[in-house]
Amino acid sequence: MSGDSGRRQRADIDMRTFARGAGATIRVAAGGNVFVKGDPGDCMYILQSGTIDMVIGDTVIETIGPNEALGFMSMIDEMPRSSTARAREACELSLIDARTFRFMVDEVPNFSTYIMRVLARRIRGMANAV
């Protein structure tokens with residue numbers, strides 16, 4: 001179990017470092033929105049620092065921490081945002097546009113696996129919450 005955890009940590013560190021160089025850095029103050037449910041999904045983010053609450057209505061459905069991806073579902077299905085991403089504390093994020101996302105899927109080792117793992121974890125989390 002600890003071996004898998006070590007591999008996951010290295011992948012997360014590599015992803016955050018790569019993302020920092022791959023896109024613009026944005027900062028969001030505590031209480032600010034990164035995006036709002038219904039917005040067009042023309043980019044995704046890798047959280048460099050801080051904490052983001054994923055919100056639908058008044059309910060926090062997930063809290064995202066450093067090294068985690070958000071907003072990528074819209075990159076996959078080209079649908080509007082399905083939730084609001086609100087900064088619980090001041091955050092720094094790397095913005096990954098659609099072109100860079102496609103490049104990362106095609107050319108960055110383990111990026112697709114990283115995204116699939118995040119999706120699987122979130123789906124399992126939703127199933128466990130029911």
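**Sheets, cores and selected residues of a predicted model**

Trainee: In what order do the 4 strands of the open sheet stand?
Mentor: This is a predicted model, and in it 4 strands form an open sheet with antiparallel pairing. Its edges are strand 1 (25-28) and strand 6 (69-70), each of which pairs on one side only. The order across the sheet is 1-8-3-6.

Trainee: Which residue of strand 8 is the bridge partner of T25?
Mentor: Strand 1 is joined to strand 8 (residues 91-97) by 4 bridges, and the two run antiparallel. Within this pairing, the partner of T25 in strand 8 is S94.

Trainee: What angle does the direction of helix 3 make with that of strand 8?
Mentor: Helix 3 (residues 98-107) packs on the sheet, where it touches strand 3 (43-49) as well as strand 8. The directions of helix 3 and strand 8 make an angle of about 80°.

Trainee: How many helices and strands are there in the chain?
Mentor: Read along the sequence, the elements follow the pattern α-β-β-β-β-β-β-α-β-β-α-α. That pattern corresponds to 4 helices and 8 strands.

Trainee: Of the contacts between residues at least 6 apart in sequence, what share joins residues at least 24 apart?
Mentor: The chain has 130 residues, of which 37% count as buried. Its exposed area is about 7700 Å², with 53% of that supplied by carbon and sulfur atoms. As for the contacts between residues at least 6 apart in sequence, the share joining residues at least 24 apart is 76%.

Trainee: Which helix gives the most residues to the largest nonpolar core?
Mentor: This core has 15 residues, and M44, I46, F111 and Y114 touch the most other members. Helix 1 (2-22), strand 3, helix 3 and helix 4 (111-129) each supply at least two of its residues. With 4 residues, the element that gives the most is helix 4.

Trainee: How many residues form the second, separate core?
Mentor: Among the members of this second core are V28, F35, Y45 and M54. The core is separate from the largest one, and its size is 14 residues.

Trainee: Why is strand 4 described as largely enclosed by the rest of the structure?
Mentor: A residue counts as buried when its relative accessible area is under 20%. Strand 4 covers residues 52-56, and it is largely enclosed because the number of its 5 residues that are buried is 4.

Trainee: Which residue of strand 7 stands opposite M54?
Mentor: Strand 4 pairs with strand 7 in the antiparallel sense, over 4 bridges. In this pairing, the residue opposite M54 is A85.

Trainee: What is the phi of G57 in the turn between strand 4 and strand 5?
Mentor: Strand 4 and strand 5 pair in the antiparallel sense over 5 bridges, and I56 stands opposite T59 in strand 5. The two strands form a hairpin with 2 residues between them. In that turn, G57 has a positive phi of about 65°.

Trainee: With which side chain does the side chain of E62 make a polar contact?
Mentor: E62 is found in strand 5 (residues 59-64). Beyond four places away in sequence, E62 touches I52, D53, M54, R121 and R122. The polar contact, at 3.1 Å, is with the side chain of R121.

Trainee: How far apart in space are E62 and A85, C-alpha to C-alpha?
Mentor: In sequence, E62 and A85 are 23 residues apart. From C-alpha to C-alpha, their separation in space is 9.6 Å.

Trainee: Which backbone oxygen lies 2.8 Å from a polar atom of the side chain of S74?
Mentor: S74 lies in helix 2 (residues 73-77) and counts as buried, at 6% relative accessibility. Leaving out residues up to four places away in sequence, S74 touches G41, M79, P80 and R81. The oxygen in question belongs to M79.

Trainee: Is N67 buried or exposed?
Mentor: N67 is found in the loop between strand 5 and strand 6. Its phi is near 80°, a positive value in a residue other than glycine. Most residues other than glycine have a negative phi. Because its relative accessible area is 16%, N67 is buried.

Trainee: Is E78 buried or exposed?
Mentor: E78 is placed in the loop between helix 2 and strand 7 (84-87). E78 also has a positive phi, about 60°, although it is not a glycine. With a relative accessible area of 72%, E78 is exposed.

Terms used: Residues are numbered from 1 along each chain as its sequence is written. This is a predicted model: local features need pLDDT of at least 70, side-chain atom pairs count only at pLDDT 80 or more; totals for chains, interfaces and linings use all residues. Side-chain values use heavy atoms; hydrogens and water are left out. Two strands pair if DSSP finds at least two bridges between them. Contact means heavy atoms within 4.5 Å. Axes are lines fitted to C-alpha atoms, for helices over the stretch in contact, and angles run from 0 to 180 degrees between N-to-C directions. Buried means under 20% relative accessible area, exposed over 50%, partly exposed in between (1.4 Å probe, protein chains only). A polar contact is a pair of N or O atoms within 3.5 Å; within protein, one must be able to donate a hydrogen and the other to accept it, and residues adjacent in sequence count only if both atoms are side-chain atoms. Accessible areas come from the Shrake-Rupley method with a 1.4 Å probe; for residues, only the protein chains shown count as cover. A nonpolar core is a set of buried Ala, Val, Leu, Ile, Met, Phe, Trp, Tyr and Cys residues joined through side-chain atoms within 4.5 Å.
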